[in-house]
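Subject: A structure for you to look through

Dear colleague,

Please find below the structure I promised to pass on, together with its sequence. Once you have had a look at it, read on for an account of what turned up.

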Amino acid sequence: MKSSSDSQVASIDGCAVRVVNAERVAAVCARMPAETDVVDTADVFGLLSDPGRLRVLMALLEGELCVCDLAVVSGLSESATSHALRLLRAHRVVSVRRDGRMAYYRLNDAHVRMLLDLAIAHTEHTDAIHPERGQEPTP
């Protein structure tokens with residue numbers, strides 16, 4: 001049975017009258033990034049959607065660490081941590097510095113740090129509703 005809040009959300013999600021503002025749509029389309037950039041960005045967000053990889057990245061906010069340290073901090077096995085780091089390196093989210101037989105990982109650049117900082121700030125300052133977890137919106 002749908003609650004009144006469900007019907008309110010449904011009415012907000014759709015257009016009451018279907019009219020396209022052609023000028024505005026054209027302006028938005030002109031500023032839209034190239035399709036390959038959109039896909040690559042979606043891939044980065046996909047990488048950030050895994051809690052284990054996100055813990056690895058949060059640990060790297062404190063500075064560079066080796067796989068062993070990252071495994072302990074993230075709660076992943078060393079194998080899972082190495083796999084996560086391979087994916088993150090492939091997408092240029094982290095980089096590696098080798099010192100003899102040791103490899104030290106760090107965030108690739110200030111953009112990655114800013115992305116993580118903003119994501120953390122967003123979640124700390126919002127009371128998210130998680131319908132995918134069975135949570136209902138509060139009236």
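I would begin at the surface, where Val-28, Met-32 and Val-38 form a nonpolar patch whose accessible area comes to about 230 Å² for the three together. Val-28 belongs to helix 2, which runs over residues 22-31, and because its relative accessibility is 36%, it counts as partly exposed. Please keep in mind throughout that this is a predicted model.

For the overall picture, the protein has seven helices and three strands, and reading along the sequence you will meet them in the order α-α-α-α-β-α-α-β-β-α. Of its 139 residues, 21% count as buried, and the accessible surface of the protein comes to about 10,400 Å², with 57% of that belonging to carbon and sulfur atoms. If you take the contacts with a separation of 6 or more, 47% of them are accounted for by residues that stand 24 or more positions apart.

How many salt bridges does the structure hold? There are two, and they are worth following one after the other. In one of them, Arg-97 is paired with Glu-64, and the closest N and O atoms are 2.4 Å apart. Arg-97 lies in strand 2 (residues 94-99), whereas Glu-64 lies in the loop between helix 4 and strand 1 (65-66), so this pair ties together parts that are 33 residues apart in sequence. Both partners are partly exposed, since the relative accessible area is 33% for Arg-97 and 32% for Glu-64.

The other salt bridge is formed by Arg-106, again with Glu-64, and here the closest N and O atoms are 3.7 Å apart. This pair also links distant parts of the chain, because Arg-106 sits in strand 3 (residues 102-107) and Glu-64 in the loop between helix 4 and strand 1, with their positions 42 residues apart. Through the partner that they share, the salt bridges join Glu-64, Arg-97 and Arg-106 into one network. Arg-106 is itself partly exposed, as its relative accessibility is 32%.

A contrasting case is Arg-53, whose place is in helix 4 (residues 51-60). Which side chain of opposite charge is nearest to Arg-53, and how far away is it? That side chain is Asp-50, at 4.2 Å, and Arg-53 is buried yet has no salt bridge; the reason is that a salt bridge is counted only when the nitrogen and the carboxyl oxygen are within 4 Å. A polar atom of the Arg-53 side chain does, however, lie 3.5 Å from the backbone oxygen of Gly-46. When the neighbours within four places in sequence are left aside, Arg-53 is in contact with Gly-46, Leu-47, Ala-84, Leu-87 and Leu-88.

Finally, you may like to find Ser-79, which has its place in helix 6 (residues 78-90). Is Ser-79 buried or exposed? With a relative accessibility of 56%, Ser-79 counts as exposed. Its C-alpha atom is separated by 9.7 Å from that of Cys-68, a residue that stands 11 residues apart from Ser-79 along the chain.

With best wishes

Methods: Residues are numbered from 1 along each chain as its sequence is written. This is a predicted model: local features need pLDDT of at least 70, side-chain atom pairs count only at pLDDT 80 or more; totals for chains, interfaces and linings use all residues. Side-chain values use heavy atoms; hydrogens and water are left out. Helices (H or I, at least four residues) and strands (E, at least two) are DSSP runs, numbered from the N terminus. Buried means under 20% relative accessible area, exposed over 50%, partly exposed in between (1.4 Å probe, protein chains only). Lys and Arg count as positive and Asp and Glu as negative; His and the chain ends are not counted. A polar contact is a pair of N or O atoms within 3.5 Å; within protein, one must be able to donate a hydrogen and the other to accept it, and residues adjacent in sequence count only if both atoms are side-chain atoms. Contact means heavy atoms within 4.5 Å. Patches are made of residues with over 30% relative accessible area and no salt bridge: like charges are joined within 9 Å, nonpolar side chains (Val, Leu, Ile, Met, Phe, Trp, Tyr) within 5 Å. Accessible areas come from the Shrake-Rupley method with a 1.4 Å probe; for residues, only the protein chains shown count as cover.
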